[in-house]
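Reader: Could you walk me through this structure, starting with the whole chain and then going into a few details?

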Amino acid sequence: MSANDWTADASGTGQYAQVNGINLYYETHGAGRPLILLHGGLGSGEMFGPVLPALAEHHQVITPDLQGHGRTADIDRPIDIRLMADDIAALIEHLGLERPDLVGYSLGGGVALLTAARYPAMVSGLVVASAHIRSDAIYPEMRAQQGQVSAAAADFMKDTPMYQLYQRVAPRPEDFPRLLDKMGESMAKDFDFTKEVRGLQMPTLIVAADADMAPPSHYVEVFRLLDGGLRDGGWMGEGRPKGGHALAILPGLTHYNVFSSPLFAAVTLAFLDQAQS
């Protein structure tokens, strides 16, 4: 994968919003019911370049760059999805959006989940992709790799799309080692968002690749917390999860390409359209 794979084909309008003491960059693509699309760790909204045109055909897609990522400069606070969820809620308020849909991948999936859990009245539908809800859910070798993320890894990442994107767009390209340190510290912390998932009040789609960072069984477990996978769905769908929740395990994909797959765009659009009907 090259850095060019993370460049959006759809031209968007880029602006900054001052929220929670952070100068948050965001782009707007397309028109229609608003959808906030949240990128993964060490990325930016440009990660979604391959799927943005499809999403923007049906929605006004807003792609923020989270704290310390992309065109949003870091500030003096930890990388914490709880704090970034507050940023997204503040952005929704700043833009005057009325209950947008939230779609997030990996780190952005965690931010979307926490935003929806903490600010349910602000969110219409939720799509959480490739985001595990417990720190012990991922494969042991992945936890070990995450534990090695630090500034010391910066030189080894110079050929990666993450590094190249950051150097191209970040306000302070020299901050990449600092971002690695803060991401490593964030990923080293234990977490469990079971309670937050159980309390979700809007239709929620859980998405994962069939070869994701956590086993498919974990995403099935998350679905069970949402009343899914507990009984037959019934001829008329009467046995489907209460609340309109759903699960999609996407075939032939991994954690590292699911966000740019046409399948991801297709299930997201189908779910959000059904949730509004």
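Author: What follows goes from the overall fold to the largest pocket and then to single residues. This is a predicted model, in which local features need pLDDT of at least 70 and side-chain atom pairs count only at pLDDT 80 or more, while totals for chains, interfaces and linings use all residues. Residues are numbered from 1 along each chain as its sequence is written, and side-chain values use heavy atoms, with hydrogens and water left out.

Reader: How many helices and strands are there in the chain?

Author: The chain has nine helices and eight strands, taken as DSSP runs numbered from the N terminus, with H or I over at least four residues for helices and E over at least two for strands.

Reader: And what is the radius of gyration of the chain?

Author: The chain has 18 Å, which agrees with the value near 19 Å that a compact globule of 277 residues would have; the radius is taken over C-alpha atoms, and the globule rule is 2.2 Å times the number of residues to the power 0.38. Along the principal axes, the C-alpha atoms fill a box of roughly 60 × 40 × 30 Å.

Reader: What share of the residues count as buried?

Author: Of the 277 residues, 54% count as buried, meaning under 20% relative accessible area, whereas exposed means over 50% and partly exposed lies in between (1.4 Å probe, protein chains only). Among contacts in the chain with a separation of 6 or more, 75% come from residues 24 or more positions apart, a contact being heavy atoms within 4.5 Å.

Reader: Switching to the largest pocket, what is its volume?

Author: Its volume is about 1,200 Å³. A pocket here is an open set of points on a 1 Å grid over the protein atoms alone, where a 1.4 Å probe fits, with protein on both sides within 12 Å along at least five of seven lines, and lining residues have an atom within 4 Å of a point. Grid points are joined across faces, edges and corners, and the volume is the space filled by probe spheres set on them.

Reader: Which residues lie nearest its centre?

Author: Those are Ser106, Gln146, Met183, Met187 and Met213, out of 41 lining residues. The lining divides into 24 nonpolar, 12 polar and five charged residues, where Ala, Val, Leu, Ile, Met, Phe, Trp, Tyr, Cys and Pro count as nonpolar, Asp, Glu, Lys and Arg as charged, and the others, Gly among them, as polar. Helices α2 (81-95), α3 (107-118), α4 (140-146) and α6 (176-187) each supply at least two lining residues.

Reader: Staying with α6, is lysine 182 buried or exposed?

Author: Lysine 182, which sits in helix α6, is buried, with a relative accessible area of 12%. Beyond residues up to four places away in sequence, lysine 182 touches Gln67, Asp74, Ile75, Arg77, Pro78 and Ile79. Helix α6 is also part of what covers the buried residues of α5, which are Pro161, Tyr163, Leu165, Tyr166 and Val169.

Reader: What about leucine 38, and where is it found?

Author: Leucine 38 is in strand β3 (residues 33-38) and is buried, at 0% relative accessible area. Leaving aside neighbours within four places in sequence, its contacts include Phe48, Pro64, Leu66 and Ile88.

Reader: Which value does phi of leucine 42 lie near?

Author: Phi of leucine 42 is near 65 degrees, a positive value in a residue other than glycine. Most residues other than glycine have a negative phi. Leucine 42 lies in the loop between β3 and α1 (52-56), and counts as buried at 14% relative accessibility.
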